[in-house]
Protein chains: 2
Amino acid sequence: MKSPGDRVIPVLYGASYSVYTRICLSTFGMKAVPFRFEALDVFAGDGPARARLAGHPFGKIPILHHGDLTLYETLAITRYIDDRFEGPPLQPDDAAGRARMNQFISIVDTQVYPVLVWGLYVPKSEGRKPKPGTLGKGRAVLAALETLAGPEWLCGARPTLADAYLAACMDYIIDSAAGNDMASNAPRLMNWWQRAQALKPKA
Amino acid sequence: MKSPGDRVIPVLYGASYSVYTRICLSTFGMKAVPFRFEALDVFAGDGPARARLAGHPFGKIPILHHGDLTLYETLAITRYIDDRFEGPPLQPDDAAGRARMNQFISIVDTQVYPVLVWGLYVPKSEGRKPKPGTLGKGRAVLAALETLAGPEWLCGARPTLADAYLAACMDYIIDSAAGNDMASNAPRLMNWWQRAQALKPKA
């Protein structure tokens, strides 16, 4: 049953360079939910203050407004979008499938983002060397993802939130030092990425 | 409908000092699901190797075995326990409630654990000073939790996974430098904690 709230357009505050904003943008896209995007650069001088004004107590992005509801944290925003709006379901139908999806999402949060994005991509993009040992860690993360990835989408026959999470990082991963040897060591991921380009946000 | 798999006892590998192991133990307790606990100390010399053998590619804990399924990452394990077994539901019934729960969980992962546990409790327990600015951050995290906490349980009239996450950190939070002034600045959380002591794992 639709409630009147469904007619209120959700508003996402964030920055298109931000992995976590990208994940939310992809989720809206996969769900085909109309939304408004408000650019909020947290690296600008007034960015953290603007993020606090928009409802994030730690001055970060992304932030979602929907009617009276203000939400921060991507875990909360993406599941809310999937839960609250019509459109294709973005979580697997069975408990084991959902568990795999949550495992993927947690690996992105705890390994892909800190090791492959901040540990390898960011130093490379700034002409700095990564900390010793980071390249080995990055390769271990890619190997774990390669083991888990399904032959079509990451968690089965249709895209889920796990695909949105990993897709949002892929440009950075491929451009990281570990990403250089990805094509030869992670054929499933490379095959998945051909398909998952479609999930990249348009905003 | 129950499948034969429901009769297989799940096995959790972890250490009782570990916040994330505690979260999984509390989840089993709240759900009243029988399980077996296998102590695995990742700080022991062979800990990471044993964790890899048990199925965690990064040599960490906790890890869940259930029949043929091996799962790592607490996000995946706790939701799987809630999803897969009978017992009281550990997630709110409505989309906004579930969103609040996910927001709490993410705040524990991204703020409570790094700032209050590792940033304040661990240095204090080792007689070291925390990094400059950490105490202020810790207070901001407590203030955000105090704002979000419900009058009974964190997300409504019954405990959810959010309560398991925060309860697993509370002894460390109270013993952290920011925890010292918690009783006066976070009355809702202190009231909640009286109730939530019951969620502390028995293992």
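The two copies in this predicted model meet through the same surface, because 100% of the interface residues of chain A are also interface residues in chain B. A superposition gives the corresponding picture: chain A can be laid on chain B with an RMSD of 0.0 Å, by a turn of 180 degrees and a shift of 0.0 Å along the axis. The two copies are therefore related as by a two-fold rotation axis.

Let me turn to the interior. The largest nonpolar core holds 94 residues. Which of its members touch the most others? They are Val112 and Leu166, in chain A and in chain B. For Leu166(A), I can list the partners beyond four places in sequence: Val108(A), Val112(A), Leu145(A), Leu154(A), Ile173(A), Leu189(A) and Trp192(A). Val112(A), another of those core residues, is thus among the contacts of Leu166(A).

I now move to a pair of helices in chain B. Two packed helices are described by the angle between their axes and the distance between the axes. Here the pair is α4(B), residues 95-125, and α6(B), residues 161-174; their axes come within 9 Å and cross at roughly 10 degrees. Since angles under 35 degrees count as roughly parallel, α4(B) is roughly parallel to α6(B). The crossing of α4(B) past α6(B) is left-handed. On the α4(B) side, the contact is made by Met101(B), Phe104(B), Ile105(B), Val108(B), Asp109(B), Val112(B), Leu116(B), Val117(B) and Tyr121(B). The α6(B) side contributes Leu161(B), Ala162(B), Tyr165(B), Leu166(B), Cys169(B), Tyr172(B) and Ile173(B).

One of these residues merits a closer view. Ala162(B) lies in helix α6 of chain B. Is Ala162(B) buried or exposed? With a relative accessible area of 1%, Ala162(B) is buried, the cut-off being under 20%. Apart from residues up to four places away in sequence, Ala162(B) touches Met101(B), Phe104(B), Ile105(B), Leu154(B) and Cys155(B). Of these, Met101(B), Phe104(B) and Ile105(B) also appear on the α4(B) side of the helix contact. In addition, the C-alpha atoms of Ala162(B) and Arg98(B) are separated by 9.6 Å, although the two residues stand 64 residues apart along the chain.

Finally, I come to a loop residue. Where is His56(B) found? His56(B) sits in the loop between α2 (47-53) and β3 (63-66) of chain B. His56(B) is buried, with a relative accessible area of 4%. Leaving out residues up to four places away in sequence, the contacts of His56(B) are Ala51(B), Ile61(B), Pro62(B), Ile63(B), Tyr72(B) and Glu73(B).

Methods:
Residues numbered from 1 in each chain as written. Chains lettered and ligands numbered in written order. Predicted model: local features only at pLDDT ≥ 70, side-chain atom pairs only at ≥ 80, totals over all residues. Heavy atoms only, no water. Least-squares fit on C-alpha atoms with pLDDT ≥ 70 in both. Contact = heavy atoms within 4.5 Å. Core = buried A, V, L, I, M, F, W, Y, C linked by side-chain atoms within 4.5 Å. Buried < 20%, exposed > 50% of the residue type's maximum accessible area, 1.4 Å probe, protein only. Axes fitted to C-alpha atoms, helices over the stretch in contact; angles between N-to-C directions. Helix = DSSP H or I, 4+ residues; strand = E, 2+ residues; numbered from the N terminus. Parallel < 35°, antiparallel > 145°, perpendicular 65-115°, else oblique. Left-handed = near helix turned anticlockwise from the far one by under 90°.
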